[in-house]
Amino acid sequence: GIYQLLYGETPAQYIGQMGRSLSRHLSEHRTDFNNNKPQNSAMAKHCIEQHHNFSRVSSTLNQCS
């Protein structure tokens, strides 16, 4: 499926494609944020650079047919 990560009320978003569960993929972005590895995740990079709290990231999933 295709997923979208949003940050709070800002226009920041990340669109990705996945083969794993959304919760697993979001967890990977969170781990990259927590471990200060912006090179592994565009959303982690945004949150680190903008000093955002990753807990404000929300997600949606669009199933492809």
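## The sheet, starting at Ile2

In this predicted model, Ile2 has Asn62 of β3 standing opposite it. On the β2 side, the residue opposite Ile2 is Gln17. Ile2 belongs to β1, the strand that covers residues 2-7, and this strand pairs with β3 in the antiparallel sense over 6 bridges. With β2, strand β1 shares 5 bridges, and here too the two run antiparallel. Among the residue pairs of β1 and β2 is Leu6, whose bridge partner is Gln13.

Put together, these pairings give an open sheet of 3 strands in the order β2-β1-β3, with antiparallel pairing. Strands β2 (13-17) and β3 (57-62) are found at the edges; each has a single partner strand, so one side of each lacks a neighbour in the sheet. From one strand to the next, the twist averages 20°. As general background, the strands of a sheet pair through backbone hydrogen bonds, in either a parallel or an antiparallel way.

## The hairpin and the positive phi values

Between β1 and β2 lie 5 residues, and the two strands form a hairpin. Gly8 sits in the turn of this hairpin and has a positive phi of about 45°.

If you like to scan backbone torsions, two further residues deserve a look. Most residues other than glycine have a negative phi. Asn36 is not a glycine, yet its phi is positive, at about 55°; this residue is found in the loop between α1 and α2. His51, again not a glycine, has a positive phi of about 60°, and its place is in the loop between α2 and β3.

## How the two helices meet

Now for the helical part. Helix α1 is made of residues 22-34 and helix α2 of residues 42-49; their axes come within 8 Å of each other and cross at roughly 40°. That angle makes α1 oblique to α2, and the crossing is right-handed.

On the α1 side, the contact is made by His29, Asp32 and Phe33, while α2 brings in Met43, Ala44, Cys47 and Ile48. Sorted by class, this contact of α1 with α2 has 5 nonpolar residues, 1 polar and 1 charged.

## The chain as a whole

Stepping back, the secondary structure of the chain comes to 2 helices and 3 strands. Read from the N terminus, the elements follow the order β-β-α-α-β. The chain has a radius of gyration of 11 Å, close to the 11 Å that the globule rule gives for 65 residues, so it is as compact as a globular protein of that length. The C-alpha trace spans about 35 × 25 × 15 Å along the principal axes of the chain.

It is worth setting the chain order beside the sheet order as you turn the model. Along the chain, the elements run β-β-α-α-β, whereas across the sheet the strands are arranged as β2-β1-β3. Strand β1 is joined to β2 by 5 bridges and to β3 by 6 bridges.

Terms used: Residues are numbered from 1 along each chain as its sequence is written. This is a predicted model: local features need pLDDT of at least 70, side-chain atom pairs count only at pLDDT 80 or more; totals for chains, interfaces and linings use all residues. Side-chain values use heavy atoms; hydrogens and water are left out. Two strands pair if DSSP finds at least two bridges between them. Helices (H or I, at least four residues) and strands (E, at least two) are DSSP runs, numbered from the N terminus. Axes are lines fitted to C-alpha atoms, for helices over the stretch in contact, and angles run from 0 to 180 degrees between N-to-C directions. Angles under 35 degrees count as roughly parallel, over 145 as roughly antiparallel, 65 to 115 as roughly perpendicular and the rest as oblique. A crossing is left-handed if the near helix is turned anticlockwise from the far one by less than a right angle, and right-handed if clockwise. Contact means heavy atoms within 4.5 Å. Ala, Val, Leu, Ile, Met, Phe, Trp, Tyr, Cys and Pro count as nonpolar, Asp, Glu, Lys and Arg as charged, and the others, Gly among them, as polar. The radius of gyration is taken over C-alpha atoms; the globule rule is 2.2 Å times the number of residues to the power 0.38.
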